[in-house]
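Could you walk me through this protein, stop by stop? I have it open in my viewer and would like to know what to select next.

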Amino acid sequence: MAELHDDVLPNILKRLNVSDLIRCKSVCKSWENLISDSSFIKFHMNYSYQIDYKNSDIDRWIVMSRVSYRNGSRVCDVDDRLFDDRDCHLLGSSNGLVCISSFASQLVVANPSTREVQTLQEPQILDTKHLCWGFGYDSSTDDYKVVLGFRKRVGWTCFQVLSLKSNVWKLIGDVKYSFHSRIGILCNGALHWIMKDSSSPNKKRVIASFQLSEEKFIKISEPDDERYESGVASCPNMNLGIIEDCLCVFPCDGFNDNLWMLKNYNGKLSWEMFEKDCDMNLALQCLKEQEHYVPNKRTLCRDMLFYKTKEYICAPIYMESLVSPYVNGRPKRKIQESNSKKSCKLIKRDPMLPGASG
């Protein structure tokens with residue numbers, strides 16, 4: 001059988017989804033090496049992103065789901081709304097990886113498609129009830145970071161950050177804000193939360209942005225428009241989300257009429273009101289709630305759901321990928337090690353086997 005040129009096979013395989021690529025690893029050793037190579041993983045992810053971006057008819061998000069989808073009823077909710085009512089939380093998603101806080105107080109980063117799970121170091125904090133979280137990719141270091149904020153005192157939040165490469169928590173410092181939203185929205189290499197400025201007379205809400213590469217906070221200017229002031233800023237609660245790769249802000253109720261998109265970070269004029277008559281086709285990936293997240297052969301997601309609604313735009317964006325949570329390399333399989341030990345014992349026990357005399 002004629003062999004394909006080195007540049008032909010990757011261009012063919014990049015068009016396959018993750019589950020098919022996993023099966024293709026069994027074809028031969030060279031295919032397994034290619035599909036497992038970090039360059040091909042990025043190549044495949046970038047191609048999948050471009051296909052999703054060009055397919056403007058559908059957007060993809062991921063949420064935590066308690067039970068399976070039956071009879072067309074909606075059984076999944078955005079985690080930020082039910083943070084105090086749950087023991088299992090979806091803390092963020094980036095490049096096919098998700099960060100989860102499980103029932104057993106385990107903090108893990110997993111790839112739901114490849115079923116790989118990396119357990120993270122437990123943060124050393126005193127207050128475990130009043131927390132905000134975020135997860136995202138730092139392109140400057142080719143690393144993924146988990147950000148944790150906890151209430152240090154009234155009106156102040158202390159932040160720590162953990163990178164997957166180090167798996168060690170590092171202190172960032174205190175900010176003079178109290179968090180209003182729990183889950184950080186990832187957009188343009190930064191995490192965003194709604195916070196309250198305790199130093200202002202009326203404890204005004206602000207949009208705080210944490211730059212993952214520089215590991216510093218900045219304050220995002222809000223729309224300078226009477227419609228925003230009356231329709232969003234004056235509401236008791238407001239949310240952040242993502243539409244068309246842009247950060248957006250809207251009130252918790254009636255956001256169809258008052259949704260604003262941040263086209264860029266060049267000032268207040270960059271905010272635009274989203275067209276309320278614009279339709280959305282939303283593909284919702286539902287992550288299973290489990291007591292323990294461990295590597296296994298079954299997918300960590302339930303069936304994909306489809307909606308024509310903006311209800312889930314404050315959930316993390318999700319895209320299937322081959323990216324591994326083991327950024328420093330996959331651990332060796334214990335099964336192979338145990339099998340090799342059994343083989344050694346067998347050789348010593350039977351001197352008649354070929355090569356046993358050595």
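Here is a tour that starts with the whole protein and then visits its rings, its core and some of its strands.

**Stop 1: the whole chain**

Keep in mind that you are looking at a predicted model. Switch on the cartoon view: the secondary structure comes to six helices and 21 strands. The protein has 358 residues, and 45% of them count as buried. Now show the surface. About 19800 Å² is exposed, with carbon and sulfur atoms supplying 49% of that area.

**Stop 2: the largest nonpolar core**

Select Leu107, Trp133 and Val146. Among the 32 residues of the largest nonpolar core, these three touch the most other members. Several elements give two or more residues to this core, including α1 (8–13), α4 (38–54), β7 (131–138) and β8 (143–153). Which element provides the largest share of this core? The answer is β8, with four residues.

Stay on Val146 and look around. Leaving out residues up to four places away in sequence, Val146 touches ten you can click through: Cys99, Leu107, Leu120, Trp133, Gly134, Phe135, Gln160, Val161, Leu162 and Trp169. Another core, of 20 residues, lies apart from the largest one; Leu282, Cys286, Tyr312 and Ile313 are among its members.

As background, nonpolar side chains tend to be buried together in soluble globular proteins.

**Stop 3: aromatic rings**

The whole structure holds seven aromatic pairs. Begin with Phe135 and Tyr144, whose rings are stacked, 6.1 Å centre to centre and with 15° between the planes. Are these two residues buried or exposed? Phe135 is buried because its relative accessible area is 1%, and Tyr144 is buried too, at 5%.

Next, select Phe159 and Trp193. This pair is tilted, with 5.6 Å between the centres and 50° between the planes. Phe159 belongs to strand β9 (residues 156–163) and Trp193 to strand β13 (residues 190–197), so the pair ties together parts that are 34 residues apart in sequence. Phe159 is buried, at a relative accessible area of 0%, and Trp193 is buried at 0% as well. Add Phe210 and Phe217 to your selection: ring pairs link them with Phe159 and Trp193 into a cluster.

For one more ring, centre on Trp156. Arg153 lies over its face, 4.5 Å from the ring centre.

**Stop 4: the hairpin of β9 and β10**

Show β9 together with strand β10 (residues 169–175). The two strands pair in the antiparallel sense over six bridges. Select Gln160 and you can find its bridge partner, Leu171, in β10. Five residues sit between the strands of this hairpin, where Asn167 takes a positive phi near 55°.

**Stop 5: strand β17 and its neighbours**

Finally, select strand β17 (residues 246–251). How many of its six residues are buried? Six of the six are. Cys246, Cys248 and Phe250 are buried on one side, and Leu247, Val249 and Pro251 are buried on the other.

Add strand β16 (residues 238–243), which runs antiparallel to β17 and is joined to it by six bridges. Met238 has Pro251 as its bridge partner in β17. β16 and β17 form a hairpin with two residues between them, and Glu244 in the turn has a positive phi of about 55°.

Then bring in strand β18 (residues 260–262), which is antiparallel to β17 and joined to it by three bridges. Here, Cys248 has Met261 as its bridge partner.

Note on methods. Residues are numbered from 1 along each chain as its sequence is written. This is a predicted model: local features need pLDDT of at least 70, side-chain atom pairs count only at pLDDT 80 or more; totals for chains, interfaces and linings use all residues. Side-chain values use heavy atoms; hydrogens and water are left out. Rings of Phe, Tyr and Trp (its six-membered ring) pair if their centres lie within 6.5 Å; planes under 30 degrees apart count as stacked, over 60 as edge-to-face and the rest as tilted. Buried means under 20% relative accessible area, exposed over 50%, partly exposed in between (1.4 Å probe, protein chains only). A charge sits over a ring if NZ of Lys or CZ of Arg is within 6 Å of the ring centre and within 35 degrees of the ring normal. Accessible areas come from the Shrake-Rupley method with a 1.4 Å probe; for residues, only the protein chains shown count as cover. A nonpolar core is a set of buried Ala, Val, Leu, Ile, Met, Phe, Trp, Tyr and Cys residues joined through side-chain atoms within 4.5 Å. Contact means heavy atoms within 4.5 Å. Two strands pair if DSSP finds at least two bridges between them.
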